[in-house]
Amino acid sequence: MAETKAKRFSFLEFKGTAENYLFIFPAVAIFAVFYIYPFYEILNLSFHEWDGIGLTRTFIGLGNFKEIMQDKVWWTSMWHAGYITLIALIFQNALAFGLALSCDRDIRARKFYRVVFYLPPVLSEVVVGLIWQWILHSGIQSGEPIGLLNFFLTKAHLNHLVHNWLSDPKTALTCIALVHSWKGFGWGFIIMLAGLQTIDRQLYEAARVDGAGPFRTLKDITIPMMVPVFLMVMILTILGSMQVFVLVLSMVGQGLVYHTEVPVTRILLSMTGLSRFGYACAQGIVFGFILIVSSFTLNKISKRFKQDEAR
Amino acid sequence: MLNRFKAKSVIQSIFLHTLLMAVAITCLFPLIWMFRSALMTNETVFVDKALIPASIHFENFYLAWTKGGFGMYFINSVIYTVSVVFGIVMVASLAAYAFSRLDFPGKNFFFYMFLAAMMIPLPGSFVPLYVLMNKLHLANTRIGYILCMINVGLSLSIYILKTFFDKMSPALEDAARMDGCSKLGIWRHVALPLARPAIAVIVIFNTLNVWNEYILATLLLNDKNLMPLQRGLMVFQGSHSTDYPLLMAGLSITALPVILVYLFMQKHIIKGLSAGAIAG
């Protein structure tokens, strides 16, 4: 009697647990098929040479990785992404912080600015890229410059500044980096503003009573309090800017333009252009590894800062 | 003394507003230029550079919608966005509810699995995904693209919902259980309605994400009838003599819904972003 009761109880328990698994089943199933399997496949393919169609995949061990080490165009593309990231880190984040500081006080139209600054980040990279590639266009039609920038430069009699912005290797990457920063600063602005608003107003009050000027306050209160937010914004800026590529495709297109190649456009080219799926996967792994290491390092630094603060 | 202080603060505020306004104008100008140019013709667009064109033409929108195929692209984008967002809300809220409220072996393992996927960047994951979709005969189908996109938004949505459920008081759910409500019933009738603020955040972020997605749509969908807006727009990139008013009309059709959703929902968006930032 007691035994059957125990059995029935454990059966109920089993049924309950099974029921609980049903809740996560759809999520786990989708995740397994569309994330875990591709994850395994990208590792697996990176050791093979495969054209994406044929039935045979040739195992070549570390061949793809060795080739990547000597692939000059690949490392140049990495440097290009690094350049875009550097401009985003400095220009985009400085602008975001400056604007956040300006809005972290009682000024008129604060809401308006907040809404407008976050407008570029909600647009797609395709839309942003196509609008800007027209503004920066260097062609001439009906005797007038097609691009708005060159048009204004001509009208302002600054003809010596008229330029092939997107086709000149010297300016193309900078233009892309600036448009990328234009699209991204509003995001940094919102996060930094939220960070600034968590700082206790009494600290500022106390500093003012002690006779500290605005620059002292900024240097000794605001900036030290914002370090964790800065580091988080930096990590996300690096991850986002290194992987930029749709903006590149929509501003200058793909192929023949080596001076604007970034790692993801290289991966795309290895896959769709050269039909070297194994090589594309190996490139993805090398790139992913670099991203993980850099964000992990910054995370470590940010943890150390937090510990120092607690001490 | 007081006057000098006042004058200083007036000058300061003029300076600040000039700076903020200048940046605001650079944000708005390209968009205004896009809408304005969409209302011109191929003949006037290179000549008339006034902010408000001399003659206004709405034909471009009609042409883009019909001949340009943007009507079809638009409907496709709506289909993908609605189904992906609905799928994510269902799948993620079920899982998040289990991770927060129910108990089963391996719970933490599964939750950290989703968390890890959120943290590990996997550039080039579109390569094996493309291979997989071909293997499953899901390439060039709506359902294939929808499933891929559900997976893209899944981890973050589960995380946001789980944190929300963790903070939510279980009192109402306990009451429902007392009344003999099943677990699924509690999820459907008690937990989901209470989680409305978190679901709003998920809906908005995923809507923007799916509407703006480009690379998977390009790789997985070859059939013109299945393409969403972002893919349709890229036809213009690199073509030699671009019909700019038509392109700008296409861009406006693509951007306008996003801008409207953003303007109506900006409170949720900014709240979600700031909350996420401080939690992170």
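This passage describes the fold of chain A and its contacts with chain B in a predicted model.

Residues are numbered from 1 along each chain as its sequence is written, chains are lettered from A and ligands numbered from 1 in the order in which they are written. In this predicted model, local features need pLDDT of at least 70 and side-chain atom pairs count only at pLDDT 80 or more, while totals for chains, interfaces and linings use all residues.

Chain A holds 13 helices and 4 strands. Both are DSSP runs numbered from the N terminus: helices are H or I with at least four residues, strands E with at least two. The radius of gyration of chain A, taken over C-alpha atoms, is 26 Å. The globule rule (2.2 Å times the number of residues to the power 0.38) gives 19 Å for 311 residues, so chain A is more spread out than a compact globule. Along the principal axes, the C-alpha atoms of chain A fill a box of roughly 95 × 70 × 35 Å.

Buried residues make up 37% of the 311 residues in chain A. A residue is buried if 20 or more other C-beta atoms lie within 10 Å of its own, exposed if 12 or fewer, and partly exposed in between; C-beta atoms are placed from the backbone. Two residues are in contact if their C-beta atoms, placed in that way, lie within 7 Å. Among contacts in chain A between residues at least 6 apart in sequence, 71% join residues at least 24 apart.

The interface joins 71 residues of chain A to 68 residues of chain B. On the chain A side, helix α1 (residues 2–45) gives the most, with 19 residues. By class, that side has 52 nonpolar, 14 polar and 5 charged residues. Ala, Val, Leu, Ile, Met, Phe, Trp, Tyr, Cys and Pro count as nonpolar, Asp, Glu, Lys and Arg as charged, and the others, Gly among them, as polar.

The largest nonpolar core has 159 residues. Such a core is a set of buried Ala, Val, Leu, Ile, Met, Phe, Trp, Tyr and Cys residues joined through C-beta atoms within 7 Å. A:Ile176, B:Ala92, B:Ala95, B:Val127 and B:Leu161 touch the most other members. Helix α8 (residues 169–197) of chain A supplies the largest share, 15 residues. The contacts of B:Val127 include A:Ile42, A:Ile267, A:Met271 and A:Phe277.

Two of these partners, A:Ile267 and A:Met271, are among the buried residues of α12(A). In helix α12 (residues 263–273) of chain A, 8 of the 11 residues are buried, so this helix is largely enclosed by the rest of the structure. A:Ser275 follows α12(A) and has a positive phi, near 55°.

Helix α8 of chain A also carries A:Lys183. A:Lys183 counts as buried, with 26 C-beta neighbours inside 10 Å. Beyond four places in sequence, A:Lys183 contacts A:Pro120, A:Pro121 and A:Val128.

Helix α3 (residues 72–103) and helix α10 (residues 214–242) of chain A have axes that come within 9 Å and cross at roughly 140°. Axes are lines fitted to C-alpha atoms, for helices over the stretch in contact, and angles run from 0 to 180 degrees between N-to-C directions. The contact of α3(A) with α10(A) has 8 nonpolar, 5 polar and no charged residues. Participants include A:Ala81 and A:Ile84 in α3(A), and A:Val233 and A:Met234 in α10(A).
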